[in-house]
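Dear colleague,

Please find below the structure that I am handing over to you. A written account of what was found in it follows directly after.

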Amino acid sequence: AKGSGRNTWRRFTPAMAKGAARTATLTSALKDALANDALQLVYQPIVDLNSERIVAAEALLRWEHMGEAISPQEFIPLAESAGLIGAVGEWVRQKALKLIGALCAAKTPIKLSVNVSSFELLSASQQQSFCGGLLAEDAAALPWLILEITESLLLETNPSLNETLAALRCRGIWIAIDDFGTGYSSLAYLIHFPLDCVKLDKSFMATVGLPGKGEALTEAIIKMSAAMELCVVAEGVEHEGQVAFLRRHQVSKAQGFLLHRPMTEDALRALLSAQG
Ligand code: C2E
Ligand code: CA
Ligand code: CA
Ligand code: CA
């Protein structure tokens, strides 16, 4: 037997039964959490390295279930397979737009970035209701909103997506590609989409200062984004060496634990008031 071939068929083990039970329990609890407004959003600032000001923040979902913090890496896929992701996404965007309104009223507006699952935009009819939902919102708030989508979405054969993204951009919404550089899309292909921004995946920041070809690849990805006239946000900035690297390569927007951890809405508002 060769390599993984032996693992193609597996017996149903107690561990698998436990996994399935957890999936079922969490999925039903997630439904309740959504209905009871028991999810939370935290916000991670995005800093302009030139002005050293917070210019944006990414909204990140948090869920505590029976005292356990469940990672979005676990519950987002559950929401996707249970058909709940549309409602989850809708909830996130409502909260984000409400905060945008409050920040504008406080005269401390910044851009707010939300993650959009590719499951929310697969079909033309999903895209229509997605657009309809957003375009019914306060028009003044929309230019502060950034939608983060992944390359995998652009890769699905999806003739209407181009128009959908264009319609959103007409209202001032920015479109960012999340985890940029980790997918398989060709440059020629990406150029066809109306985009504003790329979020350079944190695996690229992890190459900085290490031996090997990783750092050169990171530089190439940054150059490519600049050639496409996209704004670049570097994710996963954890040490000063990475900040120096970004400055050297004219990347001015950075997000990461070195700068700020994800924080509550109140903490974000306090920071923004303090920076004036
Ligand atoms: P992502 O969109 O790539 O979000 C960035 C993740 O990196 C966040 O993890 C953030 O806390 C983490 N991070 C930030 N700075 C650093 C750093 O300096 N070092 C390291 N190692 N990590 C850092 P989080 O909050 O656990 O989210 C994980 C993923 O879950 C997100 O990855 C995103 O794909 C998904 N997610 C989170 N919130 C939502 C949401 O509202 N909707 C959807 N569809 N997905 C979401
Ligand atoms: Ca993201
Ligand atoms: Ca990302
Ligand atoms: Ca990610």
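**The metal ions and ligand 1**

The calcium ion (ligand 4) lies 5.8 Å from the calcium ion (ligand 2). Please note from the outset that this is a predicted model. I describe the calcium ions in turn and then come to ligand 1.

The calcium ion (ligand 4) is coordinated by Asp 179, which contributes two OD entries at 2.8 Å. Asp 179 is located in strand S6.

For the calcium ion (ligand 2), the protein donors are Glu 58 (OE), Asn 115 (OD1), Glu 148 (OE) and Asp 178 (OD), at distances of 2.1 to 2.3 Å. Along the chain, these donors are arranged with the spacing E-x56-N-x32-E-x29-D. Glu 58 belongs to strand S2 and Asn 115 to strand S4 (residues 111-115), so this pair ties together parts that are 57 residues apart in sequence.

The calcium ion (ligand 3) has as its protein donors Asp 178 (OD), Asp 179 (OD) and Glu 235, the last of these listed twice through OE, and they lie 2.1 to 2.8 Å from the ion. Their spacing along the chain reads D-D-x55-E. Asp 178 is in strand S6, while Glu 235 is in the loop between strand S8 (231-234) and helix H10 (240-248); the pair therefore ties together parts that are 57 residues apart in sequence.

Which residue bridges the calcium ion (ligand 2) and the calcium ion (ligand 3)? That residue is Asp 178, and the two ions it bridges are 3.8 Å apart.

I turn now to ligand 1. The space that ligand 1 takes up is the largest pocket. Strand S2 (53-65), helix H2 (72-81) and strand S6 (174-180) are the elements that each give two or more residues to the shell around ligand 1. Of these, S2 provides the largest share, with four residues.

In total, 21 residues surround ligand 1, and the closest are Gln 44, Arg 62, Lys 202, Glu 238 and Phe 257. Sorted by class, the shell consists of eight nonpolar, six polar and seven charged residues.

Several contacts of ligand 1 can be given individually. A nitrogen atom of ligand 1 is 2.5 Å from an N or O atom in the side chain of Glu 238. A backbone N or O atom of Leu 61 lies 3.1 Å from a nitrogen atom of ligand 1. In the side chain of Asp 179, an N or O atom is 3.3 Å from an oxygen atom of ligand 1. Asp 179 thus appears here as well as among the donors of the calcium ion (ligand 3). Taken alone, ligand 1 exposes 800 Å², of which the protein buries 84%.

With kind regards

Note on methods
Residues are numbered from 1 along each chain as its sequence is written. Chains are lettered from A and ligands numbered from 1 in the order in which they are written. This is a predicted model: local features need pLDDT of at least 70, side-chain atom pairs count only at pLDDT 80 or more; totals for chains, interfaces and linings use all residues. Side-chain values use heavy atoms; hydrogens and water are left out. A residue is near a molecule or strand if one of its heavy atoms lies within 4 Å of it. A polar contact is a pair of N or O atoms within 3.5 Å; within protein, one must be able to donate a hydrogen and the other to accept it, and residues adjacent in sequence count only if both atoms are side-chain atoms. Accessible areas come from the Shrake-Rupley method with a 1.4 Å probe; for residues, only the protein chains shown count as cover. On a 1 Å grid over the protein atoms alone, a cavity is a set of points where a 1.4 Å probe fits but cannot get out, and a pocket is an open set with protein on both sides within 12 Å along at least five of seven lines; lining residues have an atom within 4 Å of a point. A molecule sits in a cavity or pocket if more than half of its atoms lie within 2 Å of its grid points. Ala, Val, Leu, Ile, Met, Phe, Trp, Tyr, Cys and Pro count as nonpolar, Asp, Glu, Lys and Arg as charged, and the others, Gly among them, as polar. Donors are N, O and S atoms within 2.8 Å of the metal (3.2 Å for Na, K and Ca); water is not among the atoms, so sites may look incomplete.
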